[in-house]
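Please open the structure in your viewer and keep the selection tool at hand. The tour proceeds by stops, each with something to select and something to notice.

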Amino acid sequence: MPLLKPGELRAILQRELPGVLAPPFKPRRTNGQVESGQQQAQEDAAATMGATSPAPADADSAAATQPAPVHEEATNLPALRDDDAVVLAERLPETLIFLRDRLGYNYLSHITAVDYLAYGVIEVIYHMFNIEEGGPGLFVRVRVPRDNPVIPSIANIWPGANLQEREAWDLYGVQFPGHPYHRRIYMWEEFEGHPMRKDFEKIGDAYYHFTWKGEDEEE
């Protein structure tokens, strides 16, 4: 099957998988500030820092929770890219199977997470290649709210996603229900928080807020 040109994937998904694409994410300016325009107020970012194992969640709850409003100065905001497609979290497995079985993009190269603190979302990017045709790959993007980042695991479809999903959980706090071994991969299990988040407290390269359990307890 021939390689897709930029922009073609969105049109194909609209036609073949109705409703799979996420609504356009258009932050709006309000009194010199930027607002995500979503429905639910963001909880205190510190509330996301304490869990070391994923809270019970499923794809339905992820779909019901929209990226949250955040107020930031409206200068130097990072651009959100939509190439090649931004899909709903609960429709991700279906989308990637469609790319593999119908469009020939049968190789998952890597999974990357990006924390867009100003917008209150974490974006997870899936990079797919057509190994028969070669050429450039496709990017499939999923955007989830920082206070409840939940994406169904695809480790049962691509075993190579196993470690990469664990990395996204460990460093960014993204939960992957259905993962066969949903645990940290770099940090120890007692570690508090997710160190690649933009609001993670540190000085330079030193993480200073963590204490071992019992360290401050009086004898």
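The stops below concern a helix, salt bridges and aromatic rings.

This is a predicted model, in which local features need pLDDT of at least 70 and side-chain atom pairs count only at pLDDT 80 or more, while totals for chains, interfaces and linings use all residues. Residues are numbered from 1 along each chain as its sequence is written, and side-chain values use heavy atoms, with hydrogens and water left out.

**Stop 1: helix α1**

Select residues 8-16, which form helix α1. Helices (H or I, at least four residues) and strands (E, at least two) are DSSP runs, numbered from the N terminus. Which residues of α1 are buried? They are Leu 9, Ile 12 and Leu 13; buried means under 20% relative accessible area, exposed means over 50%, and partly exposed lies in between (1.4 Å probe, protein chains only). These residues lie on the same side of α1, because they cover an arc of only 100° around the axis, the arc being that of the directions from the helix axis to the C-beta atoms. The general background is that an α-helix has 3.6 residues a turn, so residues three or four places apart point the same way.

Next, display β4 (85-86), α3 (92-101) and β7 (138-145), which are among the elements covering the buried residues of α1; contact here means heavy atoms within 4.5 Å. Then turn to the face directed away from the buried side, where the exposed residues Gln 14 and Arg 15 are found.

**Stop 2: salt bridges**

Side chains of opposite charge can pair when their charged atoms come close. A search of the whole structure finds 10 salt bridges, each being a side-chain nitrogen of Lys or Arg within 4 Å of a carboxyl oxygen of Asp or Glu.

Stay at Arg 15 and add Glu 16: the closest N and O atoms of this salt bridge are 3.2 Å apart. Arg 15 has a relative accessible area of 56% and is therefore exposed, whereas Glu 16, at 33%, is partly exposed. Add Arg 102 to see a network of salt bridges that links it with Arg 15 and Glu 16.

Now select Arg 91 and Glu 94, whose salt bridge has its closest N and O atoms 2.6 Å apart. Is Arg 91 buried or exposed? Arg 91 counts as buried, because its relative accessibility is 18%; Glu 94, at 36%, is partly exposed.

Continue to Arg 146 and Asp 199, a salt bridge with 3.0 Å between the closest N and O atoms. This pair links distant parts of the chain, 53 residues apart: Arg 146 is in the loop between β7 and α4 (161-172), and Asp 199 is in the segment after α4. Arg 146 is buried at 1% relative accessibility, and Asp 199 is partly exposed at 24%.

**Stop 3: aromatic rings**

The whole structure contains three aromatic pairs. Rings of Phe, Tyr and Trp (its six-membered ring) pair if their centres lie within 6.5 Å; planes under 30 degrees apart count as stacked, over 60 as edge-to-face and the rest as tilted.

Select Trp 188 and Phe 191: their ring centres are 5.2 Å apart and their planes stand at 85°, so the pair is edge-to-face. Phe 191 also pairs with Phe 200, and this pair is stacked, with 5.9 Å centre to centre and 20° between the planes. Trp 188, Phe 191 and Phe 200 thus belong to one aromatic cluster. Within it, Phe 191 and Phe 200 are buried, while Trp 188 is partly exposed at 34%.
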